[in-house]
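Subject: Structure handover

Hello,

Here is the structure for you to look over. My notes follow below it.

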Amino acid sequence: MTGVAIIGGTGLTALPGLEISHQQTIQTPFGEPSAAAVFGLYDGKSVIFLARHGSNHTLPPHKINYRANIWGLKELGVTHIVAVAAVGSILETMRPGDLVIPDQLIDYTWGRESSFFSDNLTEVTHIDFTHPYCEDLRQQLIHAARQVECQTYNHGVYGVTQGPRLETIAEINRMARDGCDIVGMTAMPEAALARELGLCYAACAVVANEAAGRCPIELTMAEIERNLVTGMQNVRSLLTKWLELDTTITK
Ligand code: HPA
């Protein structure tokens with residue numbers, strides 16, 4: 001059994017450096033996850049990798065079966081999830097290529113299957129979501145980030161939009177007023193579902209671009225992907241250091 005999973009987002013549909021041992025397609029009561037779970041050794045540690053948008057990056061954020069992804073990882077014995085996600089920066093100081101370990105989020109998504117506690121219930125369940133990210137895992141990532149050379153922010157409010165389109169200037173201005181520092185499309189319901197199943201979940205957000213209206217040029221996928229190349233190198237260094245340092249998780 002492997003306790004650690006990395007969910008890769010845009011720019012990380014595979015984990016370079018992962019020595020793959022096997023892959024497993026999982027069936028869940030909620031359907032099939034985005035891709036087969038990839039098992040392997042990363043820097044000598046057992047890790048499961050899951051490509052959130054599918055192995056060919058064909059699933060947009062609002063079509064992802066988040067419930068199957070999280071349920072499937074739990075079924076495989078995962079206890080800790082590091083979710084990697086590309087985001088836009090709303091806060092001026094956060095630059096493309098920087099990493100953010102968010103500590104809060106605001107959910108602007110709609111119409112997504114966002115709970116395991118929806119059907120055939122014997123009682124209604126409300127999880128505590130005061131702190132949406134696992135603080136212990138967040139601190140481990142922050143600790144690892146200090147030891148690699150990349151600009152990392154230890155706090156951040158992640159505003160989660162529905163997508164797949166990017167935002168308008170007015171939407172970003174509103175999100176800034178709400179207190180959001182970064183904007184992305186996948187943290188919800190992923191984080192809440194992990195909490196519902198009692199999994200320790202933290203995110204490593206990679207700034208791919210300045211958000212709409214914060215950026216002097218038109219936002220294109222090409223630009224986002226270019227910035228993600230550096231950002232994902234930073235993510236890989238951080239993950240390697242984290243796995244090397246960590247002693248509290250059974251891997
Ligand atoms: N907005 C929403 N999601 C994103 C962005 C953005 O600007 N960049 C990368 N993911």
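Start with one pairing: Ser 89 of strand S5 has Ile 182 as its bridge partner in strand S10. S5 and S10 (residues 182-184) are antiparallel, with two bridges between them. Strands count as paired if DSSP finds at least two bridges between them. Strands are DSSP runs of E with at least two residues, helices are runs of H or I with at least four, and both are numbered from the N terminus.

Before the rest, the ground rules. This is a predicted model, in which local features need pLDDT of at least 70 and side-chain atom pairs count only at pLDDT 80 or more, while totals for chains, interfaces and linings use all residues. Residues are numbered from 1 along each chain as its sequence is written, and side-chain values use heavy atoms, with hydrogens and water left out.

Strand S5

S5 has further partners. Strand S1 (residues 4-8) runs parallel to S5, joined by four bridges. Within that pair, Ile 7 is matched with Ala 83 of S5. S5 also pairs with strand S11 (residues 200-210), again in the parallel sense, over 10 bridges. There, Val 84 has Cys 204 of S11 as its bridge partner.

How many of the 10 residues of S5 are buried? Nine are, so S5 (residues 80-89) is largely enclosed by the rest of the structure. Buried means under 20% relative accessible area, exposed means over 50%, and partly exposed lies in between (1.4 Å probe, protein chains only).

The chain as a whole

The protein chain has five helices and 11 strands. Its radius of gyration is 17 Å, which agrees with the value near 18 Å for a compact globule of 251 residues. That radius is taken over C-alpha atoms, and the globule rule is 2.2 Å times the number of residues to the power 0.38. Along the principal axes, the C-alpha atoms fill a box of roughly 45 × 45 × 35 Å.

Of the 251 residues, 54% are buried. Take the contacts between residues at least 6 apart in sequence: 80% of them join residues at least 24 apart. A contact means heavy atoms within 4.5 Å.

The chain exposes about 11300 Å², and carbon and sulfur atoms supply 50% of that area. Areas come from the Shrake-Rupley method with a 1.4 Å probe; for residues, only the protein chains shown count as cover.

Single residues to look at

Two cis peptide bonds first.
- Gly 163 and Pro 164 are joined by a cis bond, with omega about 0°. Pro 164 is in the loop between strand S9 (157-160) and helix H3 (169-178).
- Met 188 to Pro 189 is also cis, with omega near 10°. Pro 189 is placed in helix H4 (residues 187-196).

Next, positive phi outside glycine.
- Asp 43 has phi near 55°. Asp 43 lies in the loop between strand S3 (37-42) and strand S4 (45-51). Its relative accessible area is 44%, so Asp 43 is partly exposed.
- His 57 has phi near 55°. His 57 sits in the loop between S4 and helix H1 (66-75). At 33% relative accessibility, His 57 is partly exposed.

Last, Thr 152 in strand S8 (residues 152-153). Is Thr 152 buried or exposed? Thr 152 counts as buried, because its relative accessibility is 14%. Leaving out residues up to four places away in sequence, Thr 152 touches Leu 99, Ile 101 and Ala 145.

Best wishes
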